[in-house]
Amino acid sequence: MTDFPASPTVILTGAASPRGIGRASAHYLAERGWNIGIIDLDADAAKRVAEEIATEHGVQAAGAGADVSDEAQVRAAFDELEGQLPQLVALVNLAGISSPVPYLEVTADEWNRVLDINLSGVHYATRRAVESMVKNGVGRVVSMSSVSAQRGGGTYSKTPYSAAKAGIIGFSRSVARELGLAGITVNVVAPGPIDTDIMGGTLTEERKEKMAADGVLPRIGTPRDIAAAIAYLISEDAGYVTGQTLNVNGGLYMQ
Ligand SMILES: NC(=O)c1ccc[n+]([C@@H]2O[C@H](COP(=O)([O-])OP(=O)(O)OC[C@H]3O[C@@H](n4cnc5c(N)ncnc54)[C@H](O)[C@@H]3O)[C@@H](O)[C@H]2O)c1
């Protein structure tokens, strides 16, 4: 196994939305010395966030556009970012969409749209990232599942979302097993409800209270709660942690 380079890069998918977990995590990681690559649907938005990060934190940062459900676009975005940034050490899969459709109303198109972005997208980005990590002898992959996978919905999104997010856990354990010898760890963060705009727009205080009601802690989560979990799992010091799911959910689900 190889040591971390002095100046590592992390690529985050889905990190361009203004109030999302991804952008907050990119800032949090840049503050801790990571160079940042951002992949999101809108190339201009990804580049804007990268510029903002480079200016604020004095690290190298670059953005690229890709729909994560399109493997060719994902591979092109990685090529573009790796050409501009220091050694890729970590990938954080955050790109995702919600799906509040009741099961009896789920069409084939809705099913495929959610699985293509939320599960196949994680596979495409991971597959491309670990090709570089295997060559380097060191790597970290972290992907976002959800308490919705563990409790069977119950937050905002329903069945296709839960299925995709549960798939991420099995996917990550299997890749972790295959790539451990290559120096790569693969883990999952399963957030409870987090105060972003993914659940049909900005949450009202009333919705936040309802979402927190089932938990042990008297609040929903913040993007920073998730950023801190990601920072740990991609750190050099987390090298003995792999195939795990870290639940950051205020006690909504205990395992
Ligand atoms: N907010 C929550 O309560 C919560 C809870 C559990 C898990 N998650 C997961 O965390 C991740 C981040 O969610 P968020 O709350 O920050 O929401 P968000 O909507 O702010 O972020 C999602 C990001 O993914 C991008 N994206 C969507 N489709 C894409 C595609 N096809 N290709 C590339 N990028 C795409 C969006 O542009 C956006 O930047 C998601 O995977 C979500 O499912 C969120």
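Is Gln 244 buried, partly exposed or exposed? Let's work that out together, along with a few other exercises. The model is predicted, so local features need pLDDT of at least 70, side-chain atom pairs count only at pLDDT 80 or more, and totals for chains, interfaces and linings use all residues. Residues are numbered from 1 along each chain as its sequence is written, and side-chain values use heavy atoms, with hydrogens and water left out.

**Exercise 1. Place Gln 244 and describe its surroundings.**

Step 1: Find Gln 244 in the loop between helix 8 (223–233) and strand 7 (245–248). Helices (H or I, at least four residues) and strands (E, at least two) are DSSP runs, numbered from the N terminus.

Step 2: Gln 244 has 45% relative accessibility, so it counts as partly exposed. Buried means under 20% relative accessible area, exposed over 50%, and partly exposed in between (1.4 Å probe, protein chains only).

Step 3: Setting aside residues up to four places away in sequence, Gln 244 touches Val 186, Asn 187 and Val 188; contact means heavy atoms within 4.5 Å. With Val 188, the C-alpha atoms are 6.1 Å apart, although 56 residues separate the two in sequence.

Step 4: A polar atom of the Gln 244 side chain lies 3.1 Å from the backbone oxygen of Thr 242.

**Exercise 2. Describe the setting of Asn 187.**

Step 1: Look in strand 6 (residues 184–191), where Asn 187 is found.

Step 2: Asn 187 is buried because its relative accessibility is 0%.

Step 3: A polar atom of its side chain lies 2.9 Å from the backbone oxygen of Val 241.

Step 4: Beyond four places in sequence, Asn 187 touches several residues, among them Val 141, Ser 172, Leu 233 and Gln 244.

**Exercise 3. Find the side-chain partner of Asp 195.**

Step 1: Asp 195 is in the loop between strand 6 and helix 7 (205–212).

Step 2: With a relative accessible area of 16%, Asp 195 is buried.

Step 3: The partner is Arg 19, whose side chain makes a polar contact with that of Asp 195 (3.3 Å). A polar contact is a pair of N or O atoms within 3.5 Å; within protein, one must be able to donate a hydrogen and the other to accept it, and residues adjacent in sequence count only if both atoms are side-chain atoms.

Step 4: Residues touching Asp 195 from more than four places away also include Leu 203, Lys 208 and Pro 223.

**Exercise 4. Say how exposed Asp 3 is and what it touches.**

Step 1: Asp 3 lies in the segment before strand 1 (9–13).

Step 2: Its relative accessible area is 60%, so Asp 3 is exposed.

Step 3: Leaving out residues up to four places away in sequence, Asp 3 touches Val 138 and Glu 236.

Step 4: Gly 183 is 180 residues away along the chain, yet its C-alpha atom is 9.3 Å from that of Asp 3.

**Exercise 5. List the closest residues and polar atom pairs around the ligand.**

Step 1: The ligand is surrounded by 27 residues, and the closest are Ser 17, Ile 21, Asp 40, Tyr 161 and Thr 196; a residue is near a molecule if one of its heavy atoms lies within 4 Å of it.

Step 2: A polar side-chain atom of Ser 17 is 2.6 Å from a ligand oxygen atom.

Step 3: For Tyr 161, a side-chain N or O atom is 2.6 Å from an oxygen atom of the ligand.

Step 4: Leu 94 brings in its backbone, with an N or O atom 2.9 Å from a ligand oxygen.
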